[in-house]
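Me: Could you take me on a close look at a single part of this protein? I would like one connected walk through a sheet and what lies around it.

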Amino acid sequence: MTFASKLRSLRFPLAATVLAMVPMVSSDAQPVVQNIGSQAVPAQSFESYLQTVGARARREGVSEATISRVLTGLTPNQRVVELDSAQPSRASTPPPIGPYIAQHVGPNIIARGRARYADLSGIVPSIERRYGVPAPVLFAIWGHETNYGSYVGDFDLARSLATLAWEGRRRGLFEGELIALLKMVDQGVPTYRLKGSWAGAFGYPQFLPSVYLRLAVDGDGNGTRDIFTSPADTIASIANYFRDSGWRPGQPWGVRVSLPAGFDANAYASKLAAPTCDRVHARHGQWKSVSEWRALGVTPQSAIGSDVQASLFQPDGPGTPAYLLTGNYRVILQYNCSNYYALSVGLLADEIAR
């Protein structure tokens, strides 16, 4: 799970979602590389590296049968290396958000979200009560990650994670996820289910293995945590992720606002430096109560409590849509640290709820 992230013609691919969703972890052992032609490759052979992974897995309690079953016969996947290397660099000036929203909060995904919401209306109330997260937000995540399960990726997860770990640029992240994948198999997840994105995310919500182990839940009471085929388990697991990330019940993710003529949003730019995802948070304004924003002429266009703390966000500049974002917007950012992603999820959730 998944972030990770990424622009692919203003579309966030599943694999990059993983890289945005999970904090980048620096390698705990910088690999030694050698150059072959113009390409740098790990000096340690792939087979030797898998033996190292197997030894670590044994120390962490993974059974010999699982280690043999999953790691035997794996080969590096050059396509995964190419996709990882092709991740775009961060642009100095972010592209406008408006075209992304228009494309990804369109009639089709809204209609599909409303239909799935109606189909699963019987399980929605209990999940909302248990986790405190509005169901439309959960369905919006599901829709953005896999179009409500219509595409979940077809890369062999063990091979992809082993390749990315062996390559070494983010070995601390991907080796840990490969070990977590082995633990999933030890817990009974069938190996034929282990297909997903090139960066290791899988299932309807595109969780990483470590996230699955920690936060996937049984939403339908059948004794399994099936985020591969069960909508109930999927929705409940996303809800558990959001609760774990600090979702505040009773608050919206944010609201659209109108600004008075001549209002200068830049005058209220934040002076805080975020410890992570700094370029994303740097685009948000100062934190003030909604009543304080109202006193400045900022008028919410939908319900939000006067004492709620919020940050002003007008991503595309004067004369374009503006929003007050709450702490729950930051919870969405923990799923994928991108304003494009988080804002589109919030707006899609609002549309599903209408």
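Reply: Happy to. A word on terms before we set off: a residue is called buried when its relative accessible area is under 20%. Please also keep in mind that this is a predicted model.

With that cut-off in hand, start at helix H9, residues 157-167. Of its 11 residues, 10 are buried, so the helix is largely enclosed by the rest of the structure. Among the buried ones are Leu-157, Ala-158, Leu-161, Leu-164 and Trp-166, and the list also includes Ser-160, Thr-163 and Glu-167. At the start of H9, Asp-156 brings a side-chain oxygen to within 3.1 Å of the backbone nitrogen of Ala-158. After the helix comes Gly-168, with a positive phi near 100°.

Now to the sheet. Five strands form an open sheet with antiparallel pairing, and their order is E6-E8-E9-E5-E7. The edges belong to E6 (287-289) and E7 (299-300); each has a single partner strand, so one side of each is left without a neighbour in the sheet. As background, strands of a sheet pair through backbone hydrogen bonds, either parallel or antiparallel.

Let's cross the sheet from the E6 edge. E6 pairs with E8 in the antiparallel sense, over three bridges, and Lys-288 has Ala-310 in E8 as its bridge partner. E8, residues 309-313, is mostly covered, with four of its five residues buried. On the way to E9 (residues 322-325), three bridges again link the strands, in the antiparallel sense. Here Leu-312 is matched with Leu-324 in E9.

The next step takes us from E9 to E5, residues 254-258. These two strands pair over four bridges, also antiparallel, and Gly-254 stands opposite Leu-325 in E9. From E5 we reach the far edge: two bridges join E5 to E7, and the two strands run antiparallel. Across that pairing, Val-257 stands opposite Pro-300 of E7.

Pro-300 deserves a stop of its own. This proline lies in strand E7, which is one of the edge strands. What is its relative accessible area? The value is 11%, and since the cut-off for buried is under 20%, Pro-300 counts as buried. Its contacts, leaving out residues up to four places away in sequence, are Val-255, Arg-256, Val-257, Val-290, Arg-294 and Leu-324. One of these, Val-255, is 45 residues from Pro-300 in sequence, yet their C-alpha atoms are 6.3 Å apart in space. Leu-324, another of the contacts, is the E9 residue that we met as the bridge partner of Leu-312.

Strand E5 also leads us to a pocket. The second largest pocket has a volume of about 580 Å³, and E5 is among the elements that give two or more residues to its lining, together with helix H5 (98-104), helix H8 (135-146) and helix H16 (339-353). H16 gives the most, with six residues. Altogether 29 residues line this pocket, and those nearest its centre are Trp-253, Gly-254, Leu-347, Asp-350 and Arg-354. Gly-254 is thus a familiar name, having appeared opposite Leu-325 in the sheet. By character, the lining divides into 19 nonpolar, five polar and five charged residues.

How values were computed
Residues are numbered from 1 along each chain as its sequence is written. This is a predicted model: local features need pLDDT of at least 70, side-chain atom pairs count only at pLDDT 80 or more; totals for chains, interfaces and linings use all residues. Side-chain values use heavy atoms; hydrogens and water are left out. Two strands pair if DSSP finds at least two bridges between them. Buried means under 20% relative accessible area, exposed over 50%, partly exposed in between (1.4 Å probe, protein chains only). A polar contact is a pair of N or O atoms within 3.5 Å; within protein, one must be able to donate a hydrogen and the other to accept it, and residues adjacent in sequence count only if both atoms are side-chain atoms. Contact means heavy atoms within 4.5 Å. On a 1 Å grid over the protein atoms alone, a cavity is a set of points where a 1.4 Å probe fits but cannot get out, and a pocket is an open set with protein on both sides within 12 Å along at least five of seven lines; lining residues have an atom within 4 Å of a point. Grid points are joined across faces, edges and corners, and a volume is the space filled by probe spheres set on the points. Ala, Val, Leu, Ile, Met, Phe, Trp, Tyr, Cys and Pro count as nonpolar, Asp, Glu, Lys and Arg as charged, and the others, Gly among them, as polar.
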